[in-house]
Structure formats: C-alpha cells, structure tokens
Amino acid sequence: MANDGPVEHGYPHLETVRAAITALWKRLSYDTVQTFATSVAPADVAFCDTDDLHLGAQRVAREMVRHYRLPDARMIVGFREMTHAANVELAAGPEYFVELNDRFRTHRRDIGAALAHEVMHVYLHRLGLSFPGTRDNEILTDTAATYLGAGWLLLDAYREDSASSQKLGYLTPEEFGYVLAKRSLVFGEDPSVWFTSPQGYTAYVKGMARAREDEQQQPLTAAGWAGRRRYARERKQATVAPAGVPYAFSPDGGGQLRVSFPCPTCHQKIRVPVRGRMRARCGVCRTVLECDT
C-alpha cells in the first residue's frame, strides 16, 4: 500500500499480468469466465462514515464472497496496525480471518477494495491456482480480482496529488487500467461511470489504449500499415527471428511455414499456417480472429 509515498507508474509487470490472464482462462474455462460478466455494483459495497465499522466490513466481505461464488466461505474481518493494506489467513476454511490496516477505520470507502483482493486470495487458494514467488502471486491476485469484476475498486482507491497519495495492490494504476480494459472489451461493460477517483479514471483510459494495441498486432488484419509492411518483409526472411514483435515464424513437420502469436483476448499462443487471409479461433477463450498471415 502506497500511503503518501511514491506511486509507481507504467507497465513494469505487463508480462506477468498477461500470464495471469492466460492462467485464469485456462483454469476457469470459457463457461466459468462468462459467469463473471457483471461486476460488483458500487451500491453493493458502499460504505459511509456513519456505518458501523465492523458490521459494515462484514457486509462488504459477504458481498465479495457472493460475487466470487464462495457460498461456504465466511470472512471474519478485524483491524490492526500493519504495513500492508490487509492480510488473510489461508486456512482450510470455511472461516477465514481477514485483517485490515487500521487506516481503513477512517478510510471506509476503500474497504471494498482491500477485501476484493483478500477474498480473491481465498478464491485462488481454493482453485489451487498460484504463481511462484510472493510478487508474482500478488500480481496474479490483483489481475484475477480485476478481471473477474471486483478489482475496479482497487483502481478507484488510487488517489494522488501534490500533497498526498494512496494506492492499493501490487499493479501500477495503468496496469489496473489495462486489466480492467481487457475485461471491458470481453464483456462490453463500461466501468468508467463508477470512478470517484479522477486519477483512477485517467489510468483506465491509458490502460484501454494499451489494451487496444493488443488488437492491432500483426498478423491481425487490424494492424496498421507500417506493421503490415514489416510483417510482410519478415515473412520473406522467416529464418531470421524478428526482434521486438509478438509473433514468430517456424516450419511445421511438413515444411509449411507457420506463424505463432498471442491471442489479443487471453494471450494464449496461437499457431496458424502462413497462407494469407484467414480466420483463427482461440481454443481457450473462443475469440475468432481475422488474420492476414
């Protein structure tokens, strides 16, 4: 938790974020991901200063349990002084003890953001889905919470001005915006109307621009003119590995040239023949892609 400290910006964890999106699609399957088409509604996690602290925190925790479809999980929420925003004890269940930073006693509107992350830890624990190392596993948790409809709260908790700053989670604001944009492009949901943080909204706009770039990479037909020319040149010299591009050429067993590239939706690698205009369907997220290989 950045509390009046420097906030990191940009996309330093982008590859891990993309790997987390792929892992979610693979572990949950297309049908399960589709059940998360509706995000947590702002009204369902609203928390004002006149609400009872502990009863309100329990209410928001129950909403996160409901959203993540963990009906047999019970969250016991407490508060204590700590460095991090929150912590959850990943026991066998069904009861899980969540501790929130004492800061949230007076910043109650951000309790939903903290619980979105901690209850996602429980969800991933039950799935048996994790990444090696604390850093990557926390990035997975932030990405999963955002992609499955609760992490917009984490981005909305980001506030920064010349005198103070606050940011929750391990992703940068722009990375949160990127994951939220990827979700928006899949489900057609516009989260921009929910933001109370101007800085959070700006990060979402930047993340959407980056997510759109994924849809404009070669060999997709939406790629720009310059990219198409470079692709055509490298296709003629397919024995030379392109540098700094997301695609790669290789022959198959029969000598036919193939190109592999990441699906712009789930980032699973797709490998198709090099034969001009064609459609390819991702076997993980079922996205149909218009290609010019």
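How many helices and strands are there in the protein?

## The overall picture

This is a predicted model, and the protein in it has eight helices and eleven strands. Its radius of gyration is 21 Å, close to the 19 Å that the globule rule gives for 293 residues, so the protein is as compact as a globular protein of that length. If you want a feel for the dimensions, picture a box of roughly 65 × 45 × 30 Å along the principal axes, filled by the C-alpha atoms.

## Where α1 meets α4

Two packed helices are described by the angle between their axes and the distance between the axes. Here, helix α1 covers residues 14–34 and helix α4 covers residues 134–147; their axes come within 9 Å and cross at roughly 50°. That makes α1 oblique to α4, since the angle falls outside the ranges for roughly parallel, antiparallel or perpendicular. The crossing of α1 past α4 is right-handed.

So who's touching whom? On the α1 side it's Thr16, Val17, Ala20, Ile21, Leu24, Trp25 and Val33. Across from them, α4 brings Arg135, Asp136, Ile139, Leu140, Thr143, Ala144 and Tyr147. Sorted by class, this contact has ten nonpolar residues, plus two polar and two charged ones.

## Around Arg159

Now over to strand β5, which spans residues 159–160 and holds Arg159. The side chain of Arg159 makes a polar contact of 2.4 Å with the side chain of Asp110.

Asp110 has company: leaving out residues up to four places away in sequence, Arg159 also touches Arg109, Ser164, Ser165, Gln166, Ser197 and Gln199.

Definitions and conventions
Residues are numbered from 1 along each chain as its sequence is written. This is a predicted model: local features need pLDDT of at least 70, side-chain atom pairs count only at pLDDT 80 or more; totals for chains, interfaces and linings use all residues. Side-chain values use heavy atoms; hydrogens and water are left out. Axes are lines fitted to C-alpha atoms, for helices over the stretch in contact, and angles run from 0 to 180 degrees between N-to-C directions. Helices (H or I, at least four residues) and strands (E, at least two) are DSSP runs, numbered from the N terminus. Angles under 35 degrees count as roughly parallel, over 145 as roughly antiparallel, 65 to 115 as roughly perpendicular and the rest as oblique. A crossing is left-handed if the near helix is turned anticlockwise from the far one by less than a right angle, and right-handed if clockwise. Contact means heavy atoms within 4.5 Å. Ala, Val, Leu, Ile, Met, Phe, Trp, Tyr, Cys and Pro count as nonpolar, Asp, Glu, Lys and Arg as charged, and the others, Gly among them, as polar. A polar contact is a pair of N or O atoms within 3.5 Å; within protein, one must be able to donate a hydrogen and the other to accept it, and residues adjacent in sequence count only if both atoms are side-chain atoms. The radius of gyration is taken over C-alpha atoms; the globule rule is 2.2 Å times the number of residues to the power 0.38.
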